[in-house]
Every structure is written in structure tokens, then in C-alpha cells.
Amino acid sequence: MGKFLKPGRVVVVTSGRYAGKKAVIVKCYEEGTNQRKFPHAIVAGLDRAPQKITRKMSARKIKKRSHVKPFYRFMNLNHILPTRYVTDIEVKKVDIESGASIELNEETLGNEDATLRASVKAALKKEFENGYQTQNERKSAKNNEGTKFLMTRLALLSAGGRPRPEGRARADDGRANEKLTRILVFRRARNQRVRDRARALGNEGAADRGVTHRGPRDGR
């Protein structure tokens, strides 16, 4: 069976800070590396996707609503959901303001230089915005479809099976959408149980020490 997680594959993040966000695989390490023994990938994605635009909008408004907020990081393969979409947006190597060309690899992601990281994000922002403005002018219809899917926000399903009101786009597949929703709901419930348990243990410890917690209506 051929490899499915190739550079350019659009994925959905299912865990962590960027859960529910879409990204593009830059490089995949299915066997792991010396520093990271687990299967992982370098991804570049959209923390904030562009907003919907129409023909009636002015050029200034279109430019404002086309802004994106990118991110790039290592991602465990268990924490991403691959889709059937691919895109040809160039994120493997980006050109920063100084004129140098930076490749997104382990060395770049491990660099703690704030100036370099800001320059890389600015270059990614430019690439994604150019891809959004030319999403119907890619090399093939398949890349057009993948770029369009990447640039739309993911509409998670509510408890009744309907998209949430704030969502503007459906996932590529209803089953994948339901699976992602179940994953996110399960992890949020698990995190809530952990917080409740920690809070309960904290209150018991305070009671053992003779500390009394007063509410805002105790009049003290």
C-alpha cells in the first residue's frame, strides 16, 4: 500500500491548541526520528482562516477579509485527521523579508529566535493569502478543490447532527465530520473531568488544613 500522508495533503488537527484547524503536511516522519521516537509530521496551517467575500465588496474590504493567521509545528500523527484533499501551496520553503529562503524542517522549528519565527510566519501568511486569492487558478482542478477546502472554516456538528450556526463550511465527508466531532467532544469532557477532580482534591486538602472557602454571598 502506498504512502497516504505525503507533503501537500490537507489534514484536520484533532488535539491541542489548534484542534479543529486545517493544515498542510510539509514533511512526514512515519518511523520517527532520533529526537522524536513517535510518528509525527511537520505541518503548516491556518489558526484563523479568511472570511467569506462577495463581488459587491470593495477592494479594501476584500483585502481585509482575506487576512489569515498561520501556524507551523510538529504534530503527532495520532492527532491529525487526513482528508482526501491536496493542495500545491508552497509551504516547504518560504522566502523571508531579508531575501533568504528558509526551509521548514527540524532545525527551523527548533530555533528559538523570535525574529526568525516571526519572519517565517509572515512568509507563510503571504503564501496562504496568495493561495486564497488564486484558489481557482491552481495547476489542476484537484488542487483548486483542495485549496478551497483548506481556506474554509470547519463546521463541527452539534448534538442534533446539524452544523453549528457560526460554521461557514462543511467538512469534506459527513463521516469524517462526525468522527472529528466525537473526538473533540470526548476530549473536552475528559479535560473537564480532570479539572473537576483536581478541584475536588484541592477543596478536600483545604478542608483538612482548616481553611474554609466562602462564596461571594457569604457577606464577608
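This passage walks through a few strands, one helix and the ring contacts of a predicted model.

Strand 2 is a good place to start. It spans residues 22-29, and seven of its eight residues are buried, so to speak of this strand is to speak of a mostly covered element. On one side of the pairing pattern comes strand 1, residues 9-13, which pairs with strand 2 in the antiparallel sense over three bridges. Within that pairing, Val12 has Lys22 of strand 2 as its bridge partner. Strand 2 also pairs with strand 3, residues 40-48; these two run antiparallel as well, and six bridges join them. Here Cys28 stands opposite Ala41 of strand 3.

Next comes helix 4, made up of residues 141-150. Its buried residues are Asn143, Asn144, Gly146, Thr147, Phe149 and Leu150. A general point about helices helps when looking at such a list: an α-helix has 3.6 residues a turn, so residues three or four places apart point the same way. As for what covers the buried residues of helix 4, the cover includes strand 1, strand 2 and strand 3, along with strand 5 (80-86) and helix 3 (114-133).

Then there are the aromatic rings, which form two pairs in this structure. One of them is Tyr18 with Phe71, a stacked pair with 4.0 Å from centre to centre and 5° between the planes. This pair links distant parts of the chain: Tyr18 belongs to the loop between strand 1 and strand 2, Phe71 belongs to strand 4 (residues 69-76), and 53 residues separate them. Tyr18 and Phe71 are both buried.

The other pair is Tyr85 with Phe149. Their ring centres are 4.4 Å apart and their planes meet at 20°, so this pair counts as stacked, the cut-off for stacking being planes under 30 degrees apart. Because Tyr85 lies in strand 5 and Phe149 in helix 4, the pair ties together parts that are 64 residues apart in sequence. Both rings belong to buried residues.

Phe149 has a further contact, this time with a charge. The charged end of Lys22 sits over the Phe149 ring, 3.6 Å from its centre. Lys22 is thus a residue met before, as the bridge partner of Val12, and Phe149 is one of the buried residues of helix 4. A second arrangement of this kind involves Arg36, whose charged end sits over the ring of Phe74 at 3.7 Å from the ring centre.

Key:
Residues numbered from 1 in each chain as written. Predicted model: local features only at pLDDT ≥ 70, side-chain atom pairs only at ≥ 80, totals over all residues. Heavy atoms only, no water. Buried < 20%, exposed > 50% of the residue type's maximum accessible area, 1.4 Å probe, protein only. Helix = DSSP H or I, 4+ residues; strand = E, 2+ residues; numbered from the N terminus. Pairing = 2+ DSSP bridges. Contact = heavy atoms within 4.5 Å. Phe/Tyr/Trp six-rings, centres within 6.5 Å; stacked < 30°, edge-to-face > 60°. Lys NZ or Arg CZ within 6 Å of the ring centre and 35° of its normal.
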